[in-house]
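Colleague: Could you take a close look at one part of this model for me, the place where the chains meet? I'd also like to hear about the charged pairs, with the cut-offs spelled out.

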There are 2 protein chains.
Amino acid sequence: MAIAHAAPGQLVDVQPLGSKLSESRNVALFKTDELEVMRLVMPAGKTMPSHWVKGEVTIHCLEGAVSLTAGGQIRQMKAGQLVWLEGGVDHALTAVQDSSLLLTIVLRK
Amino acid sequence: MAIAHAAPGQLVDVQPLGSKLSESRNVALFKTDELEVMRLVMPAGKTMPSHWVKGEVTIHCLEGAVSLTAGGQIRQMKAGQLVWLEGGVDHALTAVQDSSLLLTIVLRK
């Protein structure tokens, strides 16, 4: 995973990658003691296996379409949709189209 | 502010409002003990006066363009850009164009 931590106040581009998606990689935008934000790049067919984190999570589909399994339910997310999950909830993703996602994770100790 | 809290796992539309922006209002998407996410609707010229919150904040410009003043610095944000601010940092916004923004706030007690 390429690391490119943004400083506070620094503008970060999270526009759709479009034709550059296939050559793009996941980017950790920043991580502090309480919050982590990353952009996940998922070409069609790519999966993120089921996992969970302690804190709450938001998932914002920036482009494409993904299948989100969370808490035993499957939902189809498309660009421009956002979802939040409680801490400790198992979730998995499969890209239905070439997709990128903004993940925001509350870091709970 | 219209309140429309989303349940965990519920898909929420945060696409650009476009021509509906002028008739749209701020929406609290959800609020828990640790996280609050809202969509701020700012027609051109609208300002949010300087203020601060305890926890960290991300501001994601979904459409339009805003002038962000944070920690004494002024930055021009446009659609598709994101910024994060540390807790306790004064910030203010002025919409340069009709804009909507996704605000994510870590709630620190």
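Modeller: Here is the contact between the chains, followed by the salt bridges.

A bit of bookkeeping: this is a predicted model, so local features need pLDDT of at least 70 and side-chain atom pairs count only at pLDDT 80 or more, while totals for chains, interfaces and linings use all residues. Residues are numbered from 1 along each chain as its sequence is written, chains are lettered from A and ligands numbered from 1 in the order in which they are written, and side-chain values use heavy atoms, with hydrogens and water left out.

Taking contact as heavy atoms within 4.5 Å, chain A puts in 35 residues and chain B puts in 35 residues. Together they bury about 3,000 Å², with 65% of that on carbon and sulfur atoms; buried area here is the accessible area (1.4 Å probe) that two parts lose on being put together, summed over both. On the chain A side, the residues losing the most area to chain B are Leu11(A), Leu82(A) and Trp84(A), which together make up 23% of what that side buries.

As for polar links, the interface has 19 residue pairs in polar contact, both at pLDDT 80 or more. That term means a pair of N or O atoms within 3.5 Å; within protein, one must be able to donate a hydrogen and the other to accept it, and residues adjacent in sequence count only if both atoms are side-chain atoms. Strand E9(A) supplies five residues, the largest share of the side of chain A that touches chain B. Strands here are DSSP runs of at least two residues, numbered from the N terminus.

E9(A) also pairs with strand E2 (residues 12–13) of chain B, antiparallel and over two bridges, and two strands pair if DSSP finds at least two bridges between them. Within that pairing, Leu82(A) has Val12(B) as its bridge partner.

Now the charges. A salt bridge is a side-chain nitrogen of Lys or Arg within 4 Å of a carboxyl oxygen of Asp or Glu, and between chain A and chain B the count is zero. Over all chains there are two. One joins Arg39(A) and Glu63(A) at 3.5 Å, N to O. Since Arg39(A) sits in strand E4 (residues 35–42) and Glu63(A) in strand E6 (residues 57–63) of chain A, the pair ties together parts 24 residues apart in sequence. Both Arg39(A) and Glu63(A) are buried, meaning under 20% relative accessible area (1.4 Å probe, protein chains only).

In chain B, Glu63(B) and Arg39(B) form a salt bridge, 3.5 Å from N to O. Glu63(B) counts as buried because its relative accessibility is 8%, and Arg39(B) because its value is 5%.

Note on methods. Helices (H or I, at least four residues) and strands (E, at least two) are DSSP runs, numbered from the N terminus. Buried means under 20% relative accessible area, exposed over 50%, partly exposed in between (1.4 Å probe, protein chains only).
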